[in-house]
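Biologist: Hey, got a minute to go through this one with me? I'd like to start with the charged side chains.

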Amino acid sequence: MAKIWVDADACPTAMKEILFRAAERTQTELTLVANQFIRVPPSPFIRSLQVSSGYDVADNEIAQRCEEGDLVITADLPLAADVIDKGATALNPRGEKYTKANIRARLNMRDFMETLRSSGVHTGGPPPLGQQERKAFADQLDRWLAQAKKK
C-alpha cells in the first residue's frame, strides 16, 4: 500500500490535521519527518520520525525512504523533483500538485527569485493560508487517496 510522507518542519498545522483525519479514515500509513519532535495523535497509521538537525536532513530522509506510488507533502521544490523522479507524487501544503511537466519551471522560478533576493530586491512571501488553500489541499489529497486505493 502506498504511504504518505510529510516534510513536517514547515507543514502548517491545519494541513497536518487534514492528513491525520485522512490517514485514520483510509487506514493509510502517514509519517511526519522533521528535525524536531512532532506530536501526532495515537494511531497505528500515524507516526513521527525525528531526524538530526542540519540542512536538508529531513528532505534527504524522505527522498531515500519514499517509493513509487507514495505521496510526499512538501513545499521544498528540490525534494519534490527528487520524489517525482522516483515515481512518487508531490503535493505542496497549498494544494498544488507538482508533476514532471511543471517541476522544472517551478525550480527555475525559485532560482530566479533567489537571485533577485540576493541582489537586494524584496520579493515578499506567499500569502497566508486560507480556506481556499485548505480545500485545494484536501481535494488533491482525496484524489490521491482514491487512486491509491484502486491500485
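Modeller: Sure. Keep in mind that this is a predicted model. Let's begin with Arg94, which is partly exposed, with a relative accessible area of 27%.

Biologist: Which residue does Arg94 form a salt bridge with?

Modeller: With Glu133; the closest N and O atoms of the two are 3.8 Å apart. The cut-off for a salt bridge is 4 Å, so the pair counts.

Biologist: And where do Arg94 and Glu133 sit?

Modeller: Arg94 is in the loop between strand 5 (89-91) and strand 6 (97-98), while Glu133 is in helix 5, so the salt bridge ties together parts that are 39 residues apart in sequence.

Biologist: Is Glu133 buried or exposed?

Modeller: Buried, at 19% relative accessible area. The limit for buried is under 20%, so Glu133 makes the cut.

Biologist: Why would such side chains pair at all?

Modeller: Side chains of opposite charge can do that when their charged atoms come close.

Biologist: How many salt bridges does the structure hold?

Modeller: Four. Another one of them joins the side chains of Arg25 and Asp142, at 3.0 Å from N to O. Arg25 belongs to helix 1 (residues 13-26) and Asp142 to helix 5 (residues 131-150), so this pair links parts that are 117 residues apart in sequence.

Biologist: Are Arg25 and Asp142 buried or exposed?

Modeller: Arg25 counts as exposed, with 55% relative accessibility. Asp142 is partly exposed, at 37%.

Biologist: What about Arg65, which residue is its salt bridge with?

Modeller: Glu61, with the closest N and O atoms 2.5 Å apart. Both residues are in helix 2 (residues 57-65), and they are four residues apart, so about one helical turn separates them. Arg65 itself is partly exposed, with a relative accessible area of 34%.

Biologist: New topic. What does the side chain of Asn92 reach?

Modeller: The backbone nitrogen of Arg94, at 2.8 Å. Asn92 is found in the loop between strand 5 and strand 6.

Biologist: Okay, and is Asn92 buried or exposed?

Modeller: Buried, with a relative accessible area of 6%.

Biologist: Leaving aside its neighbours within four places in sequence, which residues is Asn92 in contact with?

Modeller: Thr74, Ala75, Tyr98 and Phe137.

Biologist: Cool, so can you sum up that loop for me?

Modeller: Between strand 5 and strand 6, Arg94 sits in the loop and its salt bridge partner Glu133 is in helix 5. The side chain of Asn92 reaches the backbone nitrogen of Arg94.

Notes
Residues numbered from 1 in each chain as written. Predicted model: local features only at pLDDT ≥ 70, side-chain atom pairs only at ≥ 80, totals over all residues. Heavy atoms only, no water. Helix = DSSP H or I, 4+ residues; strand = E, 2+ residues; numbered from the N terminus. Buried < 20%, exposed > 50% of the residue type's maximum accessible area, 1.4 Å probe, protein only. Polar contact = N/O pair within 3.5 Å; in protein donor to acceptor, adjacent residues only side chain to side chain. Contact = heavy atoms within 4.5 Å.
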